[in-house]
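Here are some short exercises to work through with the model open in your viewer. Try each task before you read its solution.

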Amino acid sequence: MKTNLTPLGPKADKDTVRRSNLSLVLRAVRDEREGEATRAGVAARVGLTRAAVSSLVEQLIDIGFLTESGKTFSGQAGRPGTALKVARTGPAGLGVEINIDYVSVCVVDLAGTGRVRLTEHLDNRGAPPAQVLARAAGIAARTLESAREQELLPVGVALALPGLVSGGAVRQAPNLGWNHVPAEALFASSLAAERPGHAALPVNSENEANLAALAELWFGGLGTVRSFLYLTGEIGVGGALVIDGELLRGAHGFAGEIGHVVVDAEGPQCRCGSRGCLEQYAGQTALLRAAGIEETGSGSGVAELERRARAGDERAVAAVGEAGRMLGRVLSGTVNLIDPDAVVLGGIYRNLMPWLSPPADEELTGRVVSGLWSPGSGRLRASSVAGDAARGAAALVMTAVLADPVAYAGSRETG
């Protein structure tokens, strides 16, 4: 019987292997969590010889990606090694989160550390998309100037957008009122206009909940958890699925739209065109309305809700509790379907967990069939402060740098 075999492709040459090994060493130094990285320690971790690692380290130092200083003692026999760290200057990533009532811009360095952050509260609902993206580009341009003062040189931009994102465009963002908006092109044009004389930066885009989930995975306090469902509560309710450390995007990149799971088919009209969607019960607007708090668009409404809940205001506590029950009902179905290790609640939910979590936990306990969910099990948890979409977007840019540092060696902006 004749078998058709798919060609494996060309054999990797020496340059390809070396570039791959440079990435391996750079990531090993960056990911060092216990003590300081040394050449010997990196060699043991990545499975290369000490001589090979030393050669790779020297090249990474020469191109400005690693620094080496001091002496570090491992407690083992032999001479002490010098400490390796990723450089605090050079290539960086720029993340821009455009949400319904704010724009947040973040710059991260090679280590993933947030180095610059600018956030402005803006009511973007009903504003023309080009205007919103131009305002975001203005904030990004100011952030880039601050980054340059720290000798950080962003090599790309990632937009975090609250809607269905595909092919550089927002296909639908109900709460912004956007449909088929070429977000990447509009933002790139506006950023170029803000920075005449500078080289254009490549722009990519992704759903904001996906990027917040990646930030939680990379920088949060999940420990060994690699499969989880992430929910972010804002004006709407966004969701993302991470399975074995990878985003589950779905066939068309639209997985995770949990805010538009229908709770009650006869419920309130949703901006997406359906009725009774989860965000009509657990989104920011619904929460504030149920608590009798005016929505200001500056974030003060949520702060007031938390203040009232802490003071024991019955209406505020009831509003958050009912949102928790609705979240728990929808989450239980998702947990039964995908069997994650944890559910992580971010955005406005993080500070509301004392009142949100118990009713949500109760619903999960009663409806999840595995029996693994129980009140206080720790499977339902608040996100860390590190889990935000702007930082996740900026860090996503850096994955390309870490994957092939040679391609970004000596990268500089003009002007």
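**Exercise 1: the largest pocket**

This is a predicted model, and we begin with its open space. Task: find which helices and strands each supply at least two residues of the lining of the largest pocket, then locate the residues nearest its centre.

Solution.
- Step 1. Go through the elements along the chain: strand 4, strand 5, helix 6, strand 11 (228–233), helix 9 (300–310), strand 14 (342–347) and helix 11 (349–367) each give at least two residues to the lining.
- Step 2. Now look at the residues themselves. The lining has 30 of them, and Y102, E234, G347, I348 and R350 lie nearest the centre of the pocket.
- Step 3. Finish with the volume: the largest pocket holds about 640 Å³ of space.

**Exercise 2: the five-stranded sheet**

Task: work out the order of the strands in the open sheet of five, and say which strands are its edges.

Solution.
- Step 1. Trace the sheet from one side to the other: the order is 5-4-3-6-10, with mixed pairing.
- Step 2. Look for strands that pair on one side only. These are strand 5 (114–121) and strand 10 (203–207), the edge strands. From one strand to the next, the twist averages 20°.
- Step 3. Check the pairing at the strand 5 edge. Strand 4 (residues 102–108) runs antiparallel to strand 5, and seven bridges join the two. V108, for example, has G114 in strand 5 as its bridge partner.
- Step 4. Do the same at the other edge. Strand 6 and strand 10 run parallel and are joined by five bridges; here A160 is partnered by E206 in strand 10.

**Exercise 3: an edge strand and its surroundings**

Task: decide why strand 10 counts as largely enclosed by the rest of the structure.

Solution.
- Step 1. Apply the cut-off for a buried residue, under 20% relative accessible area.
- Step 2. Count along the strand. Because four of its five residues are buried, strand 10 is largely enclosed by the rest of the structure.
- Step 3. See what lies across it. Helix 6 (residues 208–219) lies across strand 3 (90–98), strand 6 (152–161) and strand 10, and runs at about 90° to strand 10.

**Exercise 4: the three-stranded sheet**

Task: describe the pairing in the open sheet of three strands.

Solution.
- Step 1. Read off the order, 7-8-9, in which the pairing is antiparallel.
- Step 2. Identify the edges: strand 7 (164–166) and strand 9 (178–181) each pair on one side only. Neighbouring strands here are turned by 20° against each other on average, direction ignored.
- Step 3. Take one pair in detail. Three bridges link strand 7 with strand 8 (residues 169–173), and L164 stands opposite Q172 in strand 8.

**Exercise 5: the nonpolar cores**

Task: find which residues of the largest nonpolar core touch the most other members.

Solution.
- Step 1. Among the 46 residues of this core, the answer is V42 and F228. Helix 12 (residues 389–403) gives the most to the core, with eight residues.
- Step 2. List the contacts of F228, leaving aside neighbours within four places in sequence: A213, L217, L222, A240, L241, V242, P340, A342 and V344.
- Step 3. Look for a second, separate core. This one has 37 residues, including M326, V343, L356 and L364.

**Exercise 6: a glutamine in a short run**

Task: is Q280 buried or exposed?

Solution.
- Step 1. Place Q280 in helix 7 (residues 279–282).
- Step 2. Compare with the cut-off: Q280 has a relative accessible area of 18%, so Q280 is buried.
- Step 3. Not counting residues up to four places away in sequence, Q280 touches P268, Q269, C270, R271 and A286.

Conventions
Residues numbered from 1 in each chain as written. Predicted model: local features only at pLDDT ≥ 70, side-chain atom pairs only at ≥ 80, totals over all residues. Heavy atoms only, no water. Pairing = 2+ DSSP bridges. Axes fitted to C-alpha atoms, helices over the stretch in contact; angles between N-to-C directions. Contact = heavy atoms within 4.5 Å. Buried < 20%, exposed > 50% of the residue type's maximum accessible area, 1.4 Å probe, protein only. Core = buried A, V, L, I, M, F, W, Y, C linked by side-chain atoms within 4.5 Å. 1 Å grid on protein atoms, 1.4 Å probe; cavity = no way out; pocket = protein on both sides within 12 Å on 5 of 7 lines; lining within 4 Å. Points joined across faces, edges and corners; volume = space filled by probe spheres on them.
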